[in-house]
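Me: Please take a close look at one part of this model, the largest pocket, and at the residues that lead on from there. I would like the cut-offs stated along the way.

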Amino acid sequence: MRHLNTALAILYAGGLYVFIFLPVAVLVIFSFQDGTLPVPPLHGLTWKWYGEIFADEKLMSALFNSLIVAIISSAISCLLGFLAAYAFARYTLPASGLQRALIVAPMTVSTLIIGLGLLSLLSRLNITLSLWTVGIGHVVINLPLCFAIIYASMGGHQVNIERAARDLGAKDWQVMTLVTAPMLTPSILAAFFLSVTFSWDEFIIAFLLSRFDVTLPVEIWSMLRSGLDPKTNAIGSVVFLISVAFLVVLELAVFRKSGKTQ
């Protein structure tokens, strides 16, 4: 019976992984399709589609735009999330439960609704759509995530260390930046890299709040409007590779470091 349960568990896990990663595997395999349509059957293998996407100035510009928006918006989200988490964890604020609920509320709202709301607001304020407005939208959706991750890691055991720093003459801002922030480095880095990953792949807000300079998901969508193209599989594979790279860096820089310090 025990061996049967083990076999069923292995079968279930294998089926789960196949279900999750089969679409990605198909995407990567047909990015090497030596034909004009990235559909079965597979006719030979070639690297030419990768050469074409790296030679495509619009795609590379969109790729660069995505990286810039993801990194800057994630850094701002982490900074604001850390400041908010520190305030709620270390000070008694009026209606703190309600305020925390309001901060994380965007996580429960569709990005389409958030994007339409921001588009209406920016239009009212006569603010021209650009990568900056896309970045604002990404801060709105990523700040709650960063706040939740950092706030959850602010335990009571850190209070004594902060109190000791104050007893030694440190000012409040020094305690926050030189004591609390370093102790929360794993959580801050985790929030940052997850935010970068979500911003990197986000489409709806980037589509609604951009005009001429677009991010990579928007550029890929415009390519798909003209039909299937092997280049879309190739750029999709590159996006997947970069996303995996972010996760690997997150694993190496955060979780392993956190495990060593425990």
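Reply: What follows goes through the pocket, then one lining residue, then a buried acid and two loop residues.

The model is predicted, so local features need pLDDT of at least 70 and side-chain atom pairs count only at pLDDT 80 or more, while totals for chains, interfaces and linings use all residues. Residues are numbered from 1 along each chain as its sequence is written, and side-chain values use heavy atoms, with hydrogens and water left out.

The largest pocket holds about 200 Å³ of space. A pocket here is an open set of points on a 1 Å grid over the protein atoms alone, where a 1.4 Å probe fits, with protein on both sides within 12 Å along at least five of seven lines; lining residues have an atom within 4 Å of a point. Points are joined across faces, edges and corners, and the volume is the space filled by probe spheres set on them.

Two helices, H3 (57-90) and H6 (131-152), each supply at least two lining residues; helices are DSSP runs of H or I of at least four residues, numbered from the N terminus. H3 gives the largest share, seven residues. Among the lining residues are Phe-64, Asn-65, Ser-73, Leu-131, Trp-132 and Gly-135. By class the lining has nine nonpolar residues, three polar and no charged. Nonpolar covers Ala, Val, Leu, Ile, Met, Phe, Trp, Tyr, Cys and Pro; charged covers Asp, Glu, Lys and Arg; the others, Gly among them, are polar.

Leu-131 lies in H6 and is buried, because its relative accessible area is 19% and buried means under 20% (exposed is over 50%, partly exposed in between, with a 1.4 Å probe and protein chains only). Its C-alpha is 8.2 Å from that of Ala-206, which is 75 residues away in sequence.

Glu-202 sits in the loop between H9 (185-201) and H10 (204-208). Glu-202 is buried but has no salt bridge, and the nearest side chain of opposite charge, Arg-211, is 16 Å away. A salt bridge needs a side-chain nitrogen of Lys or Arg within 4 Å of a carboxyl oxygen of Asp or Glu; Lys and Arg count as positive, Asp and Glu as negative, and His and the chain ends are not counted. A polar atom of the Glu-202 side chain does lie 2.9 Å from the backbone nitrogen of Ile-204.

Most residues other than glycine have a negative phi. Asn-126, in the loop between H5 (111-124) and H6, has a positive phi near 60°, and is exposed at 69% relative accessibility. Ala-95, in the loop between H3 and H4 (96-104), has a positive phi of about 50°.

Note on methods:
Polar contact = N/O pair within 3.5 Å; in protein donor to acceptor, adjacent residues only side chain to side chain.
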